[in-house]
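Work through the exercises below with the sequence and the model side by side, and try each task before reading its solution.

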Amino acid sequence: MILINNQFPGPLVECNEGDTIRVIVENKAINATSMHFHGLFQNGTNSMDGAVGITQCPIAPNSTFTYEFKIQEQSGTYWYHAHHSAQASDGLIGPVVIHSKDERTALQKLEYASDRIIMVQDHYHNLTSELLMDYLKPDMENNEPVPDNGLINGRGVRDCKDFNGWDCDTSNVSTPTLDLAAGQRHRLRIINVGAFAEFQIQFDEHPFYVTEVDGTDVFPEPFHRLNILPAQRYSVILETNVTTTDAFWMRARMVTHCFTTKNSRLQPEIRAVIRYDSPESKAMDKEPTKEPTSKDWPEAIEVICRDLNVSALHPVIAMNPPAADKYMRFDASFMIGDWRLARGFFNQSTWHHNVTRPSLHRFLDASANATTLKSPIAVNNMAFDYQKELVIQTQGIRTIDFAINNFDDGNHPFHLHGHKFFVLYQGRGGYPPAAEDFPGFVKEHNLDNNPVRRDTVTVEGYSWAVIRLVLDNPGMWAFHCHNMWHAESGMLMQLLVRSDVVRGWTVSDQERAICELEGVATGMRPDDSIWFGNFGDK
Ligand SMILES: [Cu+2]
C-alpha cells in the first residue's frame with residue numbers, strides 16, 4: 001500500500017468553515033502523485049484542485065507541493081484522495097470534516113451526542129498498477145477487477161489460508177468496533193472511499209435517519225439500509241435505544257450483482273461491532289468483545305447497483321434550481337477500438353490525459369483565437385482535441401441540464417469537481433426525455449421543488465439521470481465516473497467554467513516548476529500504445 005504519514009487511512013482533516021487549509025505533500029513514494037479534496041469548491045483556487053492532467057502536473061518523487069485554499073460556503077463530510085491514476089485505492093485516502101457554526105442549531109435537525117466517521121471501501125491486496133495492466137489490456141471489455149473484501153475505517157480480518165503464498169500475519173488484527181454511549185443519538189458520517197464496489201450498510205435492529213448527503217444537510221428521513229457508491233457521503237443519526245442486548249453488527253455488504261467476473265478470494269460482507277457503552281459495560285471492559293447475536297432486517301438485500309432513493313430527501317437550506325440555459329445529452333458507454341482496447345466514452349470522446357501539460361495550463365497558454373468561442377456554452381475543439389478531451393466551455397454564469405444516458409450494464413457514480421448540482425431525476429431504464437419535452441417533465445413530476453444538491457450521483461445500468469449544473473465557480477473542472485477503473489478507461493470530461501474569468505489567471509511558478517521535475521511522468525496508467533502490435537492469441 002501507499003501510506004500518508006505512515007498511516008492508513010490518512011489522518012482526519014477537521015476544520016471550521018472559513019478556515020484556510022495548508023497541506024504540504026512531500027512525495028516519498030516511487031511514483032508521482034497528487035491530492036484532491038473531494039467536494040471542496042476551491043473557489044478562486046482552481047489550481048489547488050489536485051486533478052492531474054487538468055489543474056496540475058503530478059508531484060514527482062522526492063519533491064514537495066503545497067496546497068493552500070480557503071473553505072468557504074460549505075460544511076459537512078468530505079474526503080481527500082490521490083487524483084493520479086487509481087492510486088487512491090492503494091491507500092492515499094482520508095476523511096475531511098468541515099464544521100459550520102450553525103451545524104447543531106440550524107443545519108442538523110436532530111441533536112446528537114457524538115460525531116463519528118465510518119469509512120467503508122473495497123480492498124484489493126494487489127496494487128492498482130498491476131490491476132490496471134490487466135483491466136486495460138486488449139479483450140478485457142471493461143471487466144473490472146473484483147475486490148478481495150471490504151474494510152471499515154481501514155480495518156478488516158482475513159484468514160491467511162485464503163492467501164496462500166502471501167506474506168500473511170493476522171496476529172494483531174481484530175474486527176472493527178464502534179463504542180457508542182447507550183441511550184443517546186449519534187451522528188455517523190459514512191464515506192465510501194473505495195474504488196469500485198457499492199455498499200449497502202445497516203446497523204442491526206437500528207433504523208436510522210439520513211441527515212446529510214455529500215455535504216448538504218437534509219431533513220431527517222428514516223431508512224433501514226443505506227446504499228452508498230464510491231465517493232459519496234451520508235450522515236446518519238442512530239439512536240442507541242435498544243434494550244435487549246448491548247452489542248450489534250454493523251453490516252456493510254457489497255452489491256455483488258454489478259461484478260462481471262469472479263474472484264475466489266472475494267468476501268462481500270464486512271462487519272463491525274457496535275457496542276453500547278454504559279457504566280456496566282465499562283466494568284466488563286477487560287473481557288474480549290463478544291460476537292453480537294443481533295438480527296438482520298427481513299427485507300431482501302439489494303441486487304441492483306443504484307443510489308439510495310434521494311427523491312424524498314430535501315435540503316434544510318431550501319433552494320429551487322434556476323431555469324436551465326441549455327439541455328445537453330451525453331451518452332456514457334464503453335467502446336472497443338484499435339487493438340481491441342476498451343475505453344470509456346462520453347459521446348465520441350474518451351479522455352487521454354496530458355500529465356505534463358494540464359488542460360488549465362494549455363488554456364492559459366493558448367492564443368485568444370483558440371480560447372474565445374462564439375457561443376457562451378460550447379465545446380472547445382480549438383484548444384483541445386475533442387476525441388481525447390471533451391471540454392465544455394462557458395462564459396458568464398450558466399445553468400446546464402446534463403442528461404446522462406448509460407449504455408453499459410454497470411453503474412456510474414458521476415462526480416463534478418468544484419460544484420454541487422441539483423439531482424432532478426434518476427431514471428429506472430429507458431432514455432431521457434427530449435430537450436423540448438424536459439420542462440414539461442420537470443413540471444409534471446415536481447422536480448424543481450428543493451431537490452437534493454450533491455457532488456456524486458449514480459446513473460444505474462442501461463438507465464439515465466438528469467442533473468442541473470449552476471456553473472458559477474471559475475476554473476477547469478473534471479466531470480467523471482468515480483469508479484476508478486472507469487475513470488482510468490477515459491470516462492471523463494472537463495468543464496471550463498466562466499472562461500472569461502479564468503482567462504485572466506496565470507500559472508504560478510510553483511505550478512510550472514513541478515512539471516519539469518525528474519519522474520513527473522511516473523505513476524500514470526499504461527498508455528494504449530504499449531499494446532499496439534499485440535495480436536493476442538486470436
Ligand atoms: Cu463508471
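By class, the lining of the largest cavity comprises seven nonpolar, seven polar and one charged residues, where Ala, Val, Leu, Ile, Met, Phe, Trp, Tyr, Cys and Pro count as nonpolar, Asp, Glu, Lys and Arg as charged, and the others, Gly among them, as polar. The model is predicted, so local features need pLDDT of at least 70 and side-chain atom pairs count only at pLDDT 80 or more, while totals for chains, interfaces and linings use all residues. Residues are numbered from 1 along each chain as its sequence is written, and side-chain values use heavy atoms, with hydrogens and water left out.

**Exercise 1. The cavity**

Task: Which residues are the closest to the centre of the largest cavity, and which element gives the most to its lining?

Solution. Begin with the terms: on a 1 Å grid over the protein atoms alone, a cavity is a set of points where a 1.4 Å probe fits but cannot get out, a pocket is an open set with protein on both sides within 12 Å along at least five of seven lines, and lining residues have an atom within 4 Å of a point. Grid points are joined across faces, edges and corners, and a volume is the space filled by probe spheres set on the points. By this rule there is one cavity of 30 Å³ or more, and the largest cavity holds about 170 Å³ of space. Of the 15 residues lining it, His-83, His-84, Ser-85, Ala-487 and Glu-488 are the closest to its centre. Next, assign the lining to elements, which are DSSP runs numbered from the N terminus: helices (H or I, at least four residues) and strands (E, at least two). Strand 28 (475–481) and helix 7 (484–488) each supply at least two lining residues, and helix 7 gives the most, with three residues.

**Exercise 2. The copper site**

Task: Which atoms coordinate the copper ion?

Solution. Donors are N, O and S atoms within 2.8 Å of the metal (3.2 Å for Na, K and Ca), and water is not among the atoms, so sites may look incomplete. The copper ion is coordinated at 2.0 Å by ND1 of His-412, SG of Cys-481 and ND1 of His-486. Along the sequence, these donor residues follow the spacing H-x68-C-x4-H. Finally, Cys-481 and His-486 are both buried, where buried means under 20% relative accessible area, exposed over 50%, and partly exposed in between (1.4 Å probe, protein chains only).

**Exercise 3. Two enclosed strands**

Task: Why are strand 5 and strand 22 described as largely enclosed, and which strands pair with them?

Solution. Two strands pair if DSSP finds at least two bridges between them. In strand 5 (residues 76–81), six of the six residues are buried, so the strand is largely enclosed by the rest of the structure. Strand 3 (residues 36–38) pairs with strand 5 in the antiparallel sense over three bridges, with Phe-37 opposite Tyr-80. Strand 5 also runs antiparallel to strand 6 (residues 93–99), joined by six bridges, and here Trp-79 stands opposite Pro-95.

In strand 22 (residues 398–406), eight of the nine residues are buried, so this strand too is largely enclosed by the rest of the structure. Seven bridges join strand 22 to strand 18 in a parallel arrangement, in which Tyr-327 stands opposite Asp-401. Eight bridges join strand 22 to strand 27 in an antiparallel arrangement, where Asn-405 has Trp-464 as its bridge partner.

**Exercise 4. Two residues in their settings**

Task: Is Ala-332 buried or exposed, and is Ile-30 buried or exposed?

Solution. Ala-332 is found in strand 18 (residues 326–336), and its relative accessible area of 0% makes it buried. Ala-332 lies 75 residues from Phe-407 in sequence, while their C-alpha atoms are 6.1 Å apart in space. Ile-30, by contrast, is found in the loop between strand 2 (20–26) and strand 3, and at 76% relative accessibility Ile-30 counts as exposed. The C-alpha atoms of Ile-30 and Gln-395 are separated by 41 Å, the two residues being 365 residues apart along the chain.

**Exercise 5. The largest pocket**

Task: How many residues line the largest pocket, and how do they divide by class?

Solution. The largest pocket contains about 840 Å³ of space. It is lined by 31 residues, of which Phe-41, Glu-73, Gln-74, Met-319 and Lys-420 are the closest to its centre. By class, the lining divides into 10 nonpolar, 11 polar and 10 charged residues.
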